[in-house]
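Let's take a walk through a protein model together. Have a look at the picture first, and then we'll go through it piece by piece.

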Amino acid sequence: RRPSLSCHGWLRRERVTHLARAMIADYGVTAQGPAQPIGDLSGGNMQKLVLARVLAAGPRVLIACQPTRGVDIGAAHALRERLLHLRDAGAGIVLISADLDEILELSSRVAVLYRGAVVGHFAGPGLEARLLGAYMAGARRQPDAAACFDSPFSATAQEVA
């Protein structure tokens with residue numbers, strides 16, 4: 001629906017093809033070209049293209065659920081770099097992940113859920129996987145963690161360690 005890509009409901013194919021080629025190049029997607037069906041690509045290349053398409057819309061808020069699940073290390077690194085760039089550009093990102101390394105690398109704020117309840121709420125920098133894992137497993141709990149979302153953080157990693 002963007003005017004640059006369509007006019008009165010008709011796609012401007014040459015512009016769509018140009019954008020697809022640019023995304024393939026910018027995101028390092030291994031593909032035969034813009035006409036190749038996305039279903040024929042590897043999981044990592046699919047993920048990169050999906051993220052490229054979403055980011056091309058210039059979102060101010062993004063919900064990313066398991067953004068690097070099932071992709072190789074190189075693709076995971078590239079996807080994480082794009083998310084960090086989006087964050088640094090001022091967008092809000094809600095990251096939902098079971099990958100501790102991903103959470104620790106990307107998050108400036110972490111809320112831990114256990115059995116459907118918020119059991120911990122932390123500043124991301126300095127947070128350690130071992131501490132986060134204890135909350136994820138239900139072994140630790142901050143009192144009134146869910147009630148603390150009005151404040152920047154309910155605790156720092158150092159306070160609860």
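Start with strand β6, which covers residues 117-123. Six of its seven residues are buried, so the rest of the structure largely encloses this strand. Keep in mind that what you're looking at is a predicted model.

Who sits beside β6? Its partner is strand β5, residues 109-114, and the two pair in the antiparallel sense over six bridges. One of the pairings to look for is Val 112, whose bridge partner in β6 is Gly 120. Between the two strands of this hairpin there are two residues, and Arg 115 takes a positive phi near 50° there.

Now zoom out for a moment. The protein has six helices and six strands in total. If you read along the sequence, they come in the order β-β-α-α-β-α-β-α-β-β-α-α. The protein has 161 residues, and 34% of them count as buried. How much of the contact network joins distant parts of the sequence? Take the contacts between residues at least 6 apart in sequence: 45% of these join residues at least 24 apart.

Next up are the helices. Helix α2 (residues 43-56) packs against helix α3 (residues 73-88), with the axes 9 Å apart and an angle of about 15° between them. That angle is under the 35 degrees cut-off, so α2 counts as roughly parallel to α3. The crossing of these two helices is left-handed. If you'd like to find where they meet, look on the α2 side for Gly 44, Gln 47, Lys 48, Leu 51 and Leu 55. On the α3 side, the residues are Ala 75, Leu 79, Arg 82, Leu 83 and Leu 86.

Helix α1, residues 13-26, is home to Met 23. Is Met 23 buried or exposed? Its relative accessible area is 13%, which is under 20%, so Met 23 is buried. Setting aside neighbours within four places in sequence, Met 23 is in contact with Val 29, Ala 52, Arg 53 and Ala 56. Another residue to find is Leu 49: it lies 26 residues from Met 23 along the chain, yet their C-alpha atoms are separated by 7.2 Å.

Ala 22 is in helix α1 too. With 28% relative accessibility, Ala 22 is partly exposed. Pro 34 is twelve residues from Ala 22 in sequence, and the distance between them is 9.4 Å, C-alpha to C-alpha.

Over in helix α4 (residues 100-106) you'll find Glu 102. Glu 102 is buried, at a relative accessible area of 1%. Not counting residues up to four places away in sequence, Glu 102 touches Pro 67, Thr 68, Arg 80, Leu 95 and Ser 97.

What about cysteines? A disulfide is a covalent bond between the sulfur atoms of two cysteines. How many disulfides does this structure hold? Zero. Cys 7 is partly exposed, while Cys 65 counts as exposed.

Here are the accessibility values side by side:

| Residue | Relative accessible area | Class |
|---|---|---|
| Glu 102 | 1% | buried |
| Met 23 | 13% | buried |
| Ala 22 | 28% | partly exposed |
| Cys 7 | 30% | partly exposed |
| Cys 65 | 51% | exposed |

How values were computed
Residues numbered from 1 in each chain as written. Predicted model: local features only at pLDDT ≥ 70, side-chain atom pairs only at ≥ 80, totals over all residues. Heavy atoms only, no water. Disulfide = S-S within 2.5 Å. Buried < 20%, exposed > 50% of the residue type's maximum accessible area, 1.4 Å probe, protein only. Helix = DSSP H or I, 4+ residues; strand = E, 2+ residues; numbered from the N terminus. Pairing = 2+ DSSP bridges. Contact = heavy atoms within 4.5 Å. Axes fitted to C-alpha atoms, helices over the stretch in contact; angles between N-to-C directions. Parallel < 35°, antiparallel > 145°, perpendicular 65-115°, else oblique. Left-handed = near helix turned anticlockwise from the far one by under 90°.
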